[in-house]
Amino acid sequence: MPVRLVMDVLDAVEFNRQALDEALTSVLAKQPLHEGLATFVKHAVRRYLSICEAESSMLPVARWWVVQHVDQGVRELWAWGRRYRSADGTVRELRLIRLANMLERQRCEAEVAAAAYTAAYGRPAPWPDDWEKKFFVRAREEVSSVVVADIDLTEGLRGVLFDGTIEDAAALYEKHGRRAAVQVLQGQTRRPGGDCLKCRLVLACDEVMRAPGLLGLRSDRRAKLRQVSITDLRYYDNCPAQHYLQTLHLPKVNEYATPARIGKAVHSFLETLHAKASGPCQHADMPGDISWPDPRWELDADAAEAGMQMLAHHPSVCPLEESTSDIRIEETFVFHDTAAQTLVIAKPDLVYRDDAPGCGARPRPPGAASVVVRMSSKSSRRSHSRRPSSREACSANPSTVPEWSWRFSGRPERISSWSTRQIRRSSIRRTQPCGRWRSRGARTTPSLRRQEIAVVPVR
C-alpha cells in the first residue's frame, strides 16, 4: 500500500499536472489512513520529486514497456517502476522503486538484466483492464540507450544500476536474465512463505498444511483469508499501531536494541555453522576473539564479548547428533487454519528428526522469543524435561521457561508455536494420564500415531 499511494500521487503530479499539495490531498483523502502511513507517503513523494529535479530533461511515460512473444502462447516480460524518456525518445530510463535499504541490500544481476532488457526492447502498452488479458502493445520505438536506476524513497537516493546501449542490455540479459526468466516459466517447486496469501493456488497447494483449530479461533467462512506469524503477534502485543505499520513494511529506524542485536549476531553465526556441520558443534568452532560478529549488527566490544560467552555454551547443548536427520535450518512453514480462515507462518531456527529421547534445544538471548521444534519418529518417546503444574504454567517466570517443555497432542503435520507470554496467559490443563498438555479448547487427538512434535518455548 505505501508504494501504491506514492505512485498514485506521482501520477497525479506528472500526468495530471496537479500541484503537489493538491495531489497529496486528493489521493490521501480517498480512504482513511493511519497518520504514520500518511506521513511516510508525504515524505517519500517529496524525496522522489527532489531526485527528479536533477533529471528534469527526462519526460514521464505513462505506458508500460513490454517485451511480448506470441507463438503457441503469449509470453510477456516487463518491469515495475517509473518510466521516463528523452524529448526525442532515443533514451529511456527505468526507475526501480524501493522503500529503503538501497545501500544495504543490492538488487540481483538477473533483476537488473531483465529491467534493462525491457527498457531497451519493450513496446509501449497500457495496463490491460483484465489481468487475464495480454498487453495491447503499440509499435516499437527507436531507442539507442537505456538507464536503469534504483530509487530509495526514505533517503532520497538514486543509484545507477545500468547505463548503456540497447546491445549492451541484450548482452546483459543473455548472461544473467534469460536463465532466470526460463526458471520462472518452467519452475515447478513450491516454496511456502509470506507470499502465500497472494497466491491463487494457496487453497489447493500441498505445501500449505491444513491445521483446523490451530489458533483456537473461529471465523465466518466468508471472511477474507488472513495471515499471522509469531513476529506479528509480538509486535501487536507491544503496540497495535506498531504492528500495523510493520505489516506495511515501512522503513524501521533503530529497530533492535543491543540485546536483540547480540541475539541476531549469535543466531546468524549458528545458522551458518549448522548449515555446513556434519555433526555436533565443537568448542573449536566457536569464536576466540571479539571480531567474530557480522559488522551489520554493530556490536561494541562488550556486546561481542557477551555473544562469545553465549556461543561458548552452545556446544554443550547443540542438538545436532549422529541420531539427528532431516535437518532444516530457517525453513518457513505455512499452515492453513481453516476454522479461523488464517494462514499461520512459522520460521523455526532449527527443525530436525531425532530417534533418541530428549528435546532439542539451543540458546537464545533475552528479549527474543522463539520456539525450537523437535520431531521424533517414534510415538513412544517421552521428554525428560520437567513438566510444570498447571499453576506453575500459568504464572511462569520467563527466566525459568527454558527449563520446561510441553508436549502437545495433535496431528503429525501440526506444529504449535506459542510465545512465552501466550503460555503464561493460557489456561493449561491436563488432558491425558500420560501428562500431555493442551490449551483449553484446543483440538487434540488421543495420541500421536507416527511422530511427536515437541515445542520448547525459549526466551
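Q: Why is E330 called buried?
A: In this predicted model, E330 has a relative accessible area of 16%, and because the term buried applies under 20%, E330 falls into that class.

Q: What makes the contact between E330 and K347 a salt bridge?
A: The N to O distance between the side chains of E330 and K347 is 3.9 Å, and since the criterion asks for a Lys or Arg nitrogen within 4 Å of a carboxyl oxygen of Asp or Glu, the pair qualifies. E330 sits in the loop between β11 (324-329) and β12 (333-337), while K347 sits in the loop between β13 (342-346) and β14 (350-354), so the bridge ties together parts of the chain that are 17 residues apart in sequence.

Q: What makes R98, R107, E111 and D150 a network?
A: The salt bridges among these residues share partners, and this joins R98, R107, E111 and D150 into one network. A search of the whole structure finds 16 salt bridges.

Q: How do you know that R92 and E141 form a salt bridge?
A: The closest N and O atoms of R92 and E141 are 3.0 Å apart, which satisfies the requirement of lying within 4 Å. The pair links distant parts of the chain, with R92 in strand β5 (residues 91-98) and E141 in the loop between β6 (123-125) and β7 (145-152), 49 residues apart.

Q: Why are R92 and E141 put into their respective accessibility classes?
A: R92 has a relative accessibility of 1%, and because buried means under 20%, R92 is counted as buried. E141, at 35%, lies between that limit and the 50% over which a residue is called exposed, and E141 is therefore partly exposed.

Q: What makes E93 and R95 a salt-bridged pair?
A: Their side chains meet at 2.9 Å, N to O, which is within the 4 Å allowed, and both E93 and R95 are buried.

Q: How do you know that C196 is in no disulfide?
A: By the rule applied, the count of disulfides comes to zero. For C196, the nearest cysteine sulfur is that of C205, 6.3 Å away, whereas a disulfide needs two cysteine sulfur atoms within 2.5 Å. C196 is also buried, because its relative accessible area of 11% is under 20%.

Q: Why is C318 not assigned to a disulfide?
A: The nearest cysteine sulfur to that of C318 belongs to C281 and is 3.7 Å away, so the pair does not meet the requirement of lying within 2.5 Å. With a relative accessibility of 5%, C318 counts as buried.

Technical notes:
Residues numbered from 1 in each chain as written. Predicted model: local features only at pLDDT ≥ 70, side-chain atom pairs only at ≥ 80, totals over all residues. Heavy atoms only, no water. Helix = DSSP H or I, 4+ residues; strand = E, 2+ residues; numbered from the N terminus. Buried < 20%, exposed > 50% of the residue type's maximum accessible area, 1.4 Å probe, protein only.
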